[in-house]
Amino acid sequence: MNWAIEVKDLTKKFGDFVAVDHITFSVKKGEIFGFLGANGAGKTTAMKMLIGISIPTSGTATVAGFDLNRYPDKIKQNIGYMSQKFSLYEDLTVVENIKFYGGIYGLSRKEIAEKSNKLIEKLQLQDVSKSLVNSLPLGWKQKLSFSIAMIHEPSIIFLDEPTGGVDPITRRQFWELIYEASEQGTTVFVTTHYMDEAEYCERVSIMVDGKIAALDTPEQLKLKFNSNTMDDVFYQLARGAKRSDN
Amino acid sequence: MKQFIIFVRKEFFHIFRDPKTLIIIIGLPIIQILTFGFALTNEVKNSKIAVLNPTIDETTTKIIDRLNASRFFEVQESIKNPKELDAAFKSGKIRMAVVFQNNFQESLQHSKKADIQLVADASDPNIATIVMNYASSIISDVQNELNPNFSIPYQINIATRLFYNPQQIGAYSFVPGIMAMVLLLISTMMTSLAIVREKELGSMELLLASPMKPLVLILSKVIPYMLISLFNWLIIVILSVWLMDVPIKGSFALLFFVSLVFIIAALALGLFISSITDSQQVAMMISLMGMLLPTLILSGFMFPIENMPIPLQVMSNIVPSKWYYTIVKDIMIKGLGIKAIWKETFVLIGMTLFFITISLKKFKLRIS
């Protein structure tokens, strides 16, 4: 089995409003998969269903080898999740944050201690490991947050706009972490607003009005839509959207 | 279980690292018990009085001694001349004067009648009335002792009397009220704020995406506040017993049990509030307007329920604090046991179960 995620006719309705409308797609193991869409296109809702915090109205999905409708708890143990909105508890220290996440993912005390040493060394946070997180710059927090989301070595990591609000250099560094995870075999499922980041992905899907309007490698998409940038591809697709903000 | 412990520890980090939260949690019960117990009491203690006693004899001395010995009065000066009375009041040194008639005891023995006049500074009419009531009750005590077999041998021309609580000890009714208020405030408000804060931060999604079971999540979020509430409850009890001299006449175990039930009801309410809103401000408003105000107004702690219009009396029945307040008063002050309060306790337990059910249901609904 070469698929990390297989989605078939996944649908979510809120009353009459169809937020996600029968989407079908698959994500390869170890792939960096870009999940794009304008605000309100339904990508957040789709992602919430995949990580098991929103129950689908209909449709099926297999995530990390487990059926979403039957074993959501098994899925949770095998995936990591990081969002732009929340990275870490600001009033806890770096070490305390690591311990907390290690703890709720059921790692043993020994494992947590090992991981936390390794992680602090890798991110070069030795000097600030006992400082409260709110004293760290945003870029550091996001790298730390990513590493913490990976602490239980999940087979898939879901990243919800992970690089919002950081400068291009930090974003670049962040993507190096993503590449590294991918090289080690972790599947990366990432939503983003930045079209240059879409170019970094191996394959990209673009959601419009709750449906997947396009799915291919960035090169193929550019060819298909006869344009030089992903920006333009996105614009051509999203222009026709009924639900977009603009 | 390990998840639970690690989560509870994190919760205590949040609490102890936020000075504002800490002040509310630890300072609030102490401040409230002190302000309500001492400052806002309707007792008037140690009023300074003047005495005008033309003929010193056994009876007048007895009355003066009694007044002086009570905790309400302190004899400040003796006046010889009625004209000095005015000056004494104007100087602001005294709140009340006691004026005996000439030859008080003689008159009492011969004509079975003697007069005392109580003159009070009525610039604050409430205090004047209260002070006069104290004085006349002390004087009539003396009168009864002197004449156990007689009908009224002398008259005091004051047309007021004590309405309630002849000892007028304010702390007695305040302590159970403060208990209800503080427990509600800490349990309901702090819990709902703590949960809504995770929603505002966005960490709730992260927690829900983790393998932690929602029920464990809720429990580990709520338990720290339950412990803090119990701690606060204990502080209030200790302060009331040792500082306010409020007795615990009934069973301490029963009091503890009822308080625990009330705390759980309040926690469930906090959970419910957190499930209907995503903003800390709204949660705070609902807690204050929806919980604190009814507690202050409708629990019987500030205003007697019997004097309210019927619709309000009916409404007061749905306020959990009213039942808790009644039970605590019965246990602590009247010393009643479970036989007397089982009905109220039953209502409180019923309410608690109801709140737990709806808040858990609502919480599950939110997750899906």
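Select A:S182 and show what surrounds it in this predicted model. Leaving out residues up to four places away in sequence, A:S182 touches A:G30, A:I32 and A:V188. Keep A:I32 and A:V188 labelled, since we'll come back to that pair.

Is A:S182 buried, exposed or something in between? Count the other C-beta atoms within 10 Å and you get 18, so A:S182 is partly exposed; the buried class needs 20 or more, and the exposed one 12 or fewer. Now colour helix α6 of chain A, residues 168-183: that's where A:S182 sits. For a distance check, pick the C-alpha atoms of A:S182 and A:I157: they are 9.6 Å apart in space, with their positions 25 residues apart in sequence.

Next stop, strand β8 of chain A, residues 187-191. Five of its five residues are buried, which leaves the strand mostly covered. Show the side chains here. In a regular strand, side chains alternate between the two faces of the sheet. On one side of β8(A) you'll find A:T187, A:F189 and A:T191, on the other A:V188 and A:V190, and both faces are covered.

Now add the neighbours of β8(A), one at a time.

- Select β3 of chain A, residues 32-37. It pairs with β8(A) in the parallel sense, over four bridges. Here's the labelled pair again: A:I32 stands opposite A:V188.
- Select β7 of chain A, residues 156-160. It runs parallel to β8(A), and five bridges join the two strands. Which residue of β8(A) is the bridge partner of A:L159? Zoom in and you'll land on A:V190.

Switch to a cartoon and trace the chain from β7(A) through α6(A) to β8(A): this β-α-β crossover is right-handed. The helix you pass along the way is the one that holds A:S182.

Time to zoom out to where the two chains meet. The contact takes 21 residues from chain A and 21 residues from chain B. Stay on the chain B side and select α1 (2-17) and α8 (203-208), the elements that each give two or more residues to it. Of these, α1(B) supplies the largest share, eight residues. Colour that side by residue class and you should get ten nonpolar, six polar and five charged residues.

Last selection: chain B by domain. Domain 1 takes in 2-40 + 169-367, while domain 2 is 47-156. Put a marker at the C-alpha centre of each domain of chain B, and the two markers lie 48 Å apart.

Terms used
Residues numbered from 1 in each chain as written. Chains lettered and ligands numbered in written order. Predicted model: local features only at pLDDT ≥ 70, side-chain atom pairs only at ≥ 80, totals over all residues. Contact = placed C-beta atoms within 7 Å. Nonpolar A, V, L, I, M, F, W, Y, C, P; charged D, E, K, R; others polar. Pairing = 2+ DSSP bridges. Right-handed = clockwise from strand over helix to strand, strands pointing away. Domains from an automatic or database assignment.
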